[in-house]
2 protein chains.
Amino acid sequence: MDTILLGHGSGGKLMHDLIHEYFGPAFGIKGAGDSALVTMPSNRIAFTTDSYVVTPLFFPGGNIGDLAVHGTVNDLAVSGARPLFLTAGFILEEGFPLVDLKTIIASMSAAAKKAGIQIVAGDTKVVNKGKADGMFINTSGIGYVPDGREISSSRIKSGDIILISGEIGCHGTAIIAERNGLTFEPKITTDSCPLNGLVEVMFEASSEIHFMRDPTRGGFATTLKEAALESGLCMRIREQDLPIPPAVKGACSLLGLDPLYAANEGIFIAIVDKAVSKEVLAAMRMHEYGRNAAIIGEVTTTPSRMLLLETPIGGSRMMDMLQGEQLPRIC
Amino acid sequence: MDTILLGHGSGGKLMHDLIHEYFGPAFGIKGAGDSALVTMPSNRIAFTTDSYVVTPLFFPGGNIGDLAVHGTVNDLAVSGARPLFLTAGFILEEGFPLVDLKTIIASMSAAAKKAGIQIVAGDTKVVNKGKADGMFINTSGIGYVPDGREISSSRIKSGDIILISGEIGCHGTAIIAERNGLTFEPKITTDSCPLNGLVEVMFEASSEIHFMRDPTRGGFATTLKEAALESGLCMRIREQDLPIPPAVKGACSLLGLDPLYAANEGIFIAIVDKAVSKEVLAAMRMHEYGRNAAIIGEVTTTPSRMLLLETPIGGSRMMDMLQGEQLPRIC
């Protein structure tokens, strides 16, 4: 038996065997109870969920498994929370190769270990051949928010400084290149990584971090436009300060994409008090996932609710959210 | 526009509109942040996840939406936790009718209200036409475990009394009948309902509740066999005391199914100290979802790790876990 059968989702013996042979050892889950019981260090809890439907399942620099761990860890981290526990829900298609399942589970386990979080509960469903696209994964996560941290678009104020934690456009470009059988030189790989450690060093540098959000689907521009709409302020970005790798620029140009709308899975936008922006940037650059962090703009009062991209020659371009679908099933 | 488009999963404007018009109002979710921030009354947290892939999406007595809420609420409740917060992750197929989405969301909202829990965060992904089967839903939930409660198969001891909270076999039989276009008289409907209120009245009656688990996939027999394996003891059940509705018996007989392996979504098995079993049963019977609760057997030392079904004529049948797949995609 080397593929998933419908019976693996039945709740009976096949499912028990799958749990005991695959999920249990990889994730260190022992109990067979309905819920995981955990102790949180605080009662201020962040709770999030994401389903992953990326295609292809394996892509340069990652696969759906580590992506699913990083994505949910990062959603917690940019909320100011310390991610602690994750659940993993699998929807598998009948006929899915067990060898691929094993690889994906191993990636999840490694990603969880690297992020310092624990996968504590799971669920497996199997649907008939042709009724899913290989596999989908849901991860949900909880973390706690240490006292004194408040990350919210309502805290953004005029004069605040806008930072990006790393290079823009890698994940979406890597996926679309893989999907189309294109290779670029240098090779573009996903930026998918856990960002909770980077967030911690920022809070060590200063508590005056007002807002963070990771520009996944919708990309950089959509996320900053959200910040503009939610805060009622203007996000003013200097185009020449945006760290976009030349290979990403080249690939996007060839594919007719705008890197500012491409999905990212290993960076976030941070908006911080001007007085601490240099210290925060310096701290970020010392961290493995913040080496390319940069100050890219500032918040102004007007024009309100706008995202403005200022070009090197003195012009400016107003940017909206992503319209329609640039790159389906990117995560 | 009356169906789901790929763009609804893009993270851009279409997705924002979907959230603001559909999910936001139904669930009362306001923020657009990456995580929900909640305050828990205790740091003893239960955390669980389940994906729902039931087919058909609508069935007698419910749909995938309320099923997804009840299922996760019940997983928390039978762990002894008070369910408080839920996340909802949707995987939608391109072309899915928005009218059905609206109905399903309304059912989730009503189910959450009835269970006294709050849906605090969500996620929507869209996959291409033919790459999913209408919709899949993941719900993850957190609750807190009040002091003094410990539900675990390790607490089961010889002499304990085994109870069932309601009638057996309704959900699985209702789904399979619907799938095959069969109707029975009286009509069989799912038992899907929130069980957290019933669990609370049991703990009010006694803290000597050692074990609870809901026999969903795999059914009654698989769940009790798990309890036998985990505790190392024998679960001895009196067949004539099992509350199986005549319509379920008839349908199962016609369909070649065993009701003891059919999925349930609104009952649980409880194992309690003998000294308090009558008080617990009396309390259960006063509750709307415990009216048909019954004492069905007891725990003995030998034969160890066995589930024994004692027949009225003095025989006994050893039951194993569900083998293979009796009813695929039942939840």
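At what angle do helix α2 (residues 64-77) of chain A and helix α3 (residues 98-115) of chain A pack? Keep in mind, as we look, that this is a predicted model. The angle is about 30°, and the two axes lie 7 Å apart. Angles under 35 degrees count as roughly parallel, and α2(A) and α3(A) are therefore roughly parallel to each other. The crossing in which α2(A) passes α3(A) is right-handed. If you would like to see which residues bring the pair together, look on the α2(A) side for I64(A), G65(A), D66(A), V69(A), H70(A) and V73(A). Their counterparts in α3(A) are I104(A), S107(A), M108(A), A111(A), A112(A) and A115(A).

Staying with chain A for a moment, let us turn to the cysteines. A disulfide would need two cysteine sulfur atoms within 2.5 Å, and the count over all chains is 0. Take C193(A): the nearest cysteine sulfur belongs to C170(A) and is 10 Å away, and C193(A) is in no disulfide. C331(A) is likewise in no disulfide, its nearest cysteine sulfur being that of C193(A), at 15 Å. Both of these residues are buried: C193(A) has a relative accessible area of 5%, and C331(A) has one of 4%.

Now move over to chain B, where an open sheet awaits. Its 7 strands follow the order β9-β11-β8-β12-β10-β13-β14, with mixed pairing. At the edges you will find β9 (209-213) and β14 (316-319) of chain B, each of which pairs on one side only. Ignoring direction, neighbouring strands of this sheet are turned by 25° against each other on average.

The β9 end of the sheet is a good place to follow the pairing strand by strand. β9(B) runs antiparallel to β11(B), and 4 bridges link them. Here M212(B) has A270(B) in β11(B) as its bridge partner. β11 (residues 269-272) of chain B is also joined to β8 (residues 161-164) of chain B, again by 4 bridges and with the strands antiparallel. In that pairing, A270(B) stands opposite L163(B).

Is the edge strand β9(B) enclosed or open to its surroundings? Of its 5 residues, 5 are buried, so β9(B) is largely enclosed by the rest of the structure.

Finally, look for helix α6 (residues 219-231) of chain B. This helix lies across β8, β9, β10 (234-238), β11, β12 (294-300), β13 (307-310) and β14 of chain B. Relative to β10(B), α6(B) runs at about 145°.

Technical notes: Residues are numbered from 1 along each chain as its sequence is written. Chains are lettered from A and ligands numbered from 1 in the order in which they are written. This is a predicted model: local features need pLDDT of at least 70, side-chain atom pairs count only at pLDDT 80 or more; totals for chains, interfaces and linings use all residues. Side-chain values use heavy atoms; hydrogens and water are left out. Buried means under 20% relative accessible area, exposed over 50%, partly exposed in between (1.4 Å probe, protein chains only). Two strands pair if DSSP finds at least two bridges between them. Helices (H or I, at least four residues) and strands (E, at least two) are DSSP runs, numbered from the N terminus. Axes are lines fitted to C-alpha atoms, for helices over the stretch in contact, and angles run from 0 to 180 degrees between N-to-C directions. Contact means heavy atoms within 4.5 Å. Angles under 35 degrees count as roughly parallel, over 145 as roughly antiparallel, 65 to 115 as roughly perpendicular and the rest as oblique. A crossing is left-handed if the near helix is turned anticlockwise from the far one by less than a right angle, and right-handed if clockwise.
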